[in-house]
Amino acid sequence: MIEKLSAAKFLQTAFATIALVSGMQVAVSTEARAQAAIFEVVHPDVEQGEIEIEILNGVGLGGVDDGDERSVHEFAIGYGLTDIWKFTAAVELANPESENAEVEAFEFENLVLLPFFGGGHGHGGKESDGNHSEFTLGFYTALEVPREGGIDAGGIAFGPVFEAEVGSLKWVGNLLVEVPFEEGDPGLAYASQIVLPLNESVGIGVENFGEFEGAFGDAGDQEHYAGPALYFETELPNGHVIEPRAAVLFGLNDNSSDAVFSFNLEYKIGKE
């Protein structure tokens, strides 16, 4: 059972998140170039009748060239249609340097848990009994429709998402094939997250993300990121659950941005 925290406790977690951002920004040179991006690890987490509201944010740390995105934001709402199927609709906004913010794309996502591999469960910082193991596997698809060019300029991504829990340690991974509708070879994208709960409400972890353009044809550009993350999970007095996450992700190769601050907020409304 998630620990119910007071408003004061929730504010403490919020200030802890701000402190993480401030500390990490000091470590990034002001001369760094860092175009923003959104980072999310998809969890195989489904509950029938539950509504999930997500706000995903990516902010480049360091200077950003004119026209490049200094921040990117995504607003999504998902619904558990059954105990194994969740549908999510999202809109992505880009905020280019020296330009006005604009809607960039729409996304339509489906997550289906595969039978015989357990059910979804929370992923904040929930305390484990320290001696059990659990594995959940799902199949994820996402259709992206850019605002400019429509569906013909979009694409689809699909692949497995899993969550493995051994004792208190949790590992979540995604491996997706990305297929553009226009010319171009399919690519590969991956995301991974390892979480160690500190108590029932707070966890620490490491995340890494990457993308291989044209992985099934002429190999193209690659981008790879990794960095530390903090996770919070709080049950509000009304029974709803709020899950902030903050991470600083550093580019690992020349094609990647130098550093991006990623802050996601998930608000869950149960069916009861």
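## A walk through a strand-rich model

The protein contains 1 helix and 13 strands. What you see here is a predicted model, so it is worth reading every distance below as a property of that prediction. In which order do the elements come along the chain? Starting from the N terminus, they run α-β-β-β-β-β-β-β-β-β-β-β-β-β. Of the 272 residues in the protein, buried residues make up 44%.

Let's begin on the inside. In soluble globular proteins, nonpolar side chains tend to be buried together. Here the largest nonpolar core has 12 residues: F39, V41, V172, A191, V195, F209, Y225, A229, Y231, A247, L249 and V260. Three strands each bring at least two residues to this core, namely strand 8 (187-197), strand 10 (222-232) and strand 12 (241-251). Which strand gives the most? That is strand 10, with 3 residues. Another core, of 8 residues, lies apart from this one, and V42, L111, Y140 and L176 are among its members.

Now for the charged side chains. Side chains of opposite charge can pair when their charged atoms come close. How many salt bridges does a search of the whole structure find? The search gives 8. A good one to look up in your viewer joins K268 and D45, whose closest N and O atoms are 2.8 Å apart. This pair links distant parts of the chain, since K268 sits in strand 13 (residues 259-269) while D45 belongs to the loop between helix 1 (7-27) and strand 1 (51-60), with their positions 223 residues apart in the numbering. Are these two residues buried or exposed? Both K268 and D45 are buried. They also take part in a wider arrangement, as a network of salt bridges links D45, E243, E266 and K268.

A second salt bridge is made by the side chains of E102 and R147, at 3.3 Å from N to O. E102 lies in strand 4 (residues 102-113) and R147 in the loop between strand 5 (133-146) and strand 6 (155-166), so this pair ties together parts that are 45 residues apart in sequence. Why does E102 count as partly exposed? Its relative accessibility is 35%, and the range for partly exposed lies between under 20% for buried and over 50% for exposed. R147 counts as partly exposed too, because its relative accessibility is 40%.

The salt bridge between E163 and K170 has an N to O distance of 4.0 Å. E163 counts as buried because its relative accessibility is 0%. K170 counts as buried as well, at 7% relative accessibility.

On the surface, E211, E213, D221 and E223 form a negative patch. One of them, D221, is found in the loop between strand 9 (202-212) and strand 10. D221 is partly exposed, because its relative accessible area is 45%.

One last stop is L81, in the loop between strand 2 (69-80) and strand 3 (85-96). With a relative accessibility of 35%, L81 counts as partly exposed. How far apart are L81 and V46 in sequence and in space? They are 35 residues apart in sequence, and their C-alpha atoms are 8.9 Å apart in space.

Terms used
Residues numbered from 1 in each chain as written. Predicted model: local features only at pLDDT ≥ 70, side-chain atom pairs only at ≥ 80, totals over all residues. Heavy atoms only, no water. Core = buried A, V, L, I, M, F, W, Y, C linked by side-chain atoms within 4.5 Å. Buried < 20%, exposed > 50% of the residue type's maximum accessible area, 1.4 Å probe, protein only. Helix = DSSP H or I, 4+ residues; strand = E, 2+ residues; numbered from the N terminus. Patch = residues over 30% accessible without salt bridge, like charges linked within 9 Å, V, L, I, M, F, W, Y side chains within 5 Å. Areas by Shrake-Rupley, 256 points an atom, 1.4 Å probe, with all protein chains shown as cover. Lys, Arg positive; Asp, Glu negative; His and termini not counted. Charge placed at Lys NZ, Arg CZ, Asp CG, Glu CD.
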